[in-house]
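Colleague: I would like a close look at one part of this model, namely the open sheet and the ground around its last strands. Please take me through it slowly, and then set it against the cavity and the core.

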Amino acid sequence: MMRLTGDFLATALTLLLTVTSVVHACPPSDRAALLSFKAALNEPHLGIFATWSGTNCCTNWYGITCDPETKRVADIILRGESEDPIFQKTGRTGHMTGSISPSLCRLDRLTTLVIADWKSISGEIPACVAALPRLRILDLVGNKITGAIPASIGNLSRLTVLNLADNRISGEIPASIVDLKSLMHLELANNKLCGEIPFNIGNLSMMSRALLSRNQLTGSIPSSLANLHRLADLDLSMNRLTGSIPFQLGAIPILSTLNLDSNRLSGKIHTNLLSNTGLSILNLSRNSLEGNIPNVFGPKTYLIALDLSYNNLNGSIPKSLSSAKYVGHLDVSHNHLCGAIPKGTPFDRFEASSFCNNDCLCGMPLPTC
């Protein structure tokens, strides 16, 4: 009888442990989706996918995190540049080839998808990614992804970060992108995007960072950007933008960095842009801007960098720059400026290269007047 009871207890305990293990494991459907994703990629050096073994993808699968209650896969975070011990052990950054499998779209509880800086992942972004209802972060920076941004990207109503920079993505910015009402960071720099910036991009009321540089964008800068009261960092440099700088940009309350260099912008520099005391980095170089540099600087002006070089500006250097609290870098070279360079701070710290190739500027550090 004792023997029977012992066997019974042992069997019961085994069943209990099995049931507990199943309860705490990820669903077979999630595991299958991840293995299909893995099968489309090749990572030969670090061995991160070697950890993707066993039935429970919620435990010790590199880069995978599950919801503690539902045990569904919630986060995929795979970065090719990391301080993780697996990188330190090999002494190298990551390199991965292959493509992003649409099987990921079966992970309908996914909130974070980061497949970043693997250098050689190619192919297109699966269109079904735009149907992941809980996705908050989509970060595919630093690969060789081609094709267009999914047209229905605007369906991701919870998305806060969209980073597709440093790829080979082409086509236009989808019109639906303005429906991403939760979006805070938009990074599309260094791709092959063309067409115009959506005129109603100002609908993205939560956005604090918009980096669209090094593309082939055309048309004018949308004045609706002024509706983005949380916008701190705007970079539209190295595109093919035309027209004038919208007057409204100078009224964005917390804008601290504005890079519009290397476009085809014309017209004058508006007074309220240079008098915006929150602006610390302003680069308008390599355009076709004309007119005088507004003489509107003051004791609250704090400029880490002001670059107005390679334009068609005329007149003199504003004397009010002398009253600025700080000017770290100044470049007004390659314009049509004339007159004496103001003396004293901050001008006595700048080299001749900051003032060269103008019509008739003179005084230190250039030859005397």
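Modeller: What follows goes through the sheet, then the loops and the pocket, and then the cavity and the core.

The model is a predicted one, and the part you ask about is an open sheet of six strands in the order β15-β17-β19-β22-β25-β26, with parallel pairing. At its edges stand β15 (242–243) and β26 (360–362), each of which pairs on one side only. Within the sheet, β17 (residues 264–267) runs parallel to β19 (residues 288–291) and is held to it over two bridges, and here Ser-266 stands opposite Ser-288 of β19. Two bridges also connect β22 (residues 312–315) with β25 (residues 336–340), again in the parallel sense, and in that pairing Asn-314 faces His-336 of β25. Between β25 and β26, which run parallel, there are three bridges, and Ala-340 has Cys-362 in β26 as its bridge partner.

The backbone around these last strands deserves some care. In the loop between β25 and β26 lies Pro-346, which is joined to Thr-345 by a cis peptide bond with omega about 0 degrees. That loop between β25 and β26 also holds Asn-357, whose phi is near 55 degrees, a positive value in a residue other than glycine. In the segment after β26 comes Pro-365, and the peptide bond leading to Pro-365 from Met-364 is cis as well, with omega near 5 degrees. Ahead of β22, in the loop that follows β21 (305–307), sits Tyr-310; Tyr-310 is not a glycine either, yet its phi is positive, at about 55 degrees. The relative accessible area of Tyr-310 is 33%, so this residue counts as partly exposed.

Met-364 and Pro-365 return when one turns to the largest pocket, which encloses about 190 Å³ of space. The pocket is lined by 13 residues, and the closest to its centre are Ile-341, Lys-343, Gly-363, Met-364 and Pro-365. By character, the pocket lining divides into eight nonpolar, three polar and two charged residues.

The cavity can be set beside this pocket. The count gives one cavity of 30 Å³ or more, and the volume of the largest cavity is about 60 Å³. Its lining includes Leu-273, Leu-274, Phe-297, Tyr-302 and Leu-306, and the elements that give two or more residues to that lining are α4 (271–274) and β20 (302–303). The cavity lining has eight nonpolar and four polar residues, with no charged ones.

Finally, the largest nonpolar core comprises 99 residues, and Ile-76, Leu-162 and Phe-355 have the most contacts inside it. Among the elements that each supply at least two residues of this core are α2 (28–39), β3 (73–79) and α4. Leaving aside residues up to four places away in sequence, Leu-162 touches Leu-138, Ile-153, Ile-177 and His-185, among others. A separate second core has five residues, including Ala-116, Val-141, Ala-165 and Ala-189. As for Ile-76, its C-alpha is 8.5 Å from that of Thr-111, although the two residues are 35 apart in sequence. Thr-111 is found in the loop between β4 (96–99) and β5, and its contacts beyond four places in sequence include Ala-74, Asp-75 and Arg-134.

How values were computed:
Residues numbered from 1 in each chain as written. Predicted model: local features only at pLDDT ≥ 70, side-chain atom pairs only at ≥ 80, totals over all residues. Heavy atoms only, no water. 1 Å grid on protein atoms, 1.4 Å probe; cavity = no way out; pocket = protein on both sides within 12 Å on 5 of 7 lines; lining within 4 Å. Points joined across faces, edges and corners; volume = space filled by probe spheres on them. Helix = DSSP H or I, 4+ residues; strand = E, 2+ residues; numbered from the N terminus. Nonpolar A, V, L, I, M, F, W, Y, C, P; charged D, E, K, R; others polar. Pairing = 2+ DSSP bridges. Core = buried A, V, L, I, M, F, W, Y, C linked by side-chain atoms within 4.5 Å. Buried < 20%, exposed > 50% of the residue type's maximum accessible area, 1.4 Å probe, protein only. Contact = heavy atoms within 4.5 Å.
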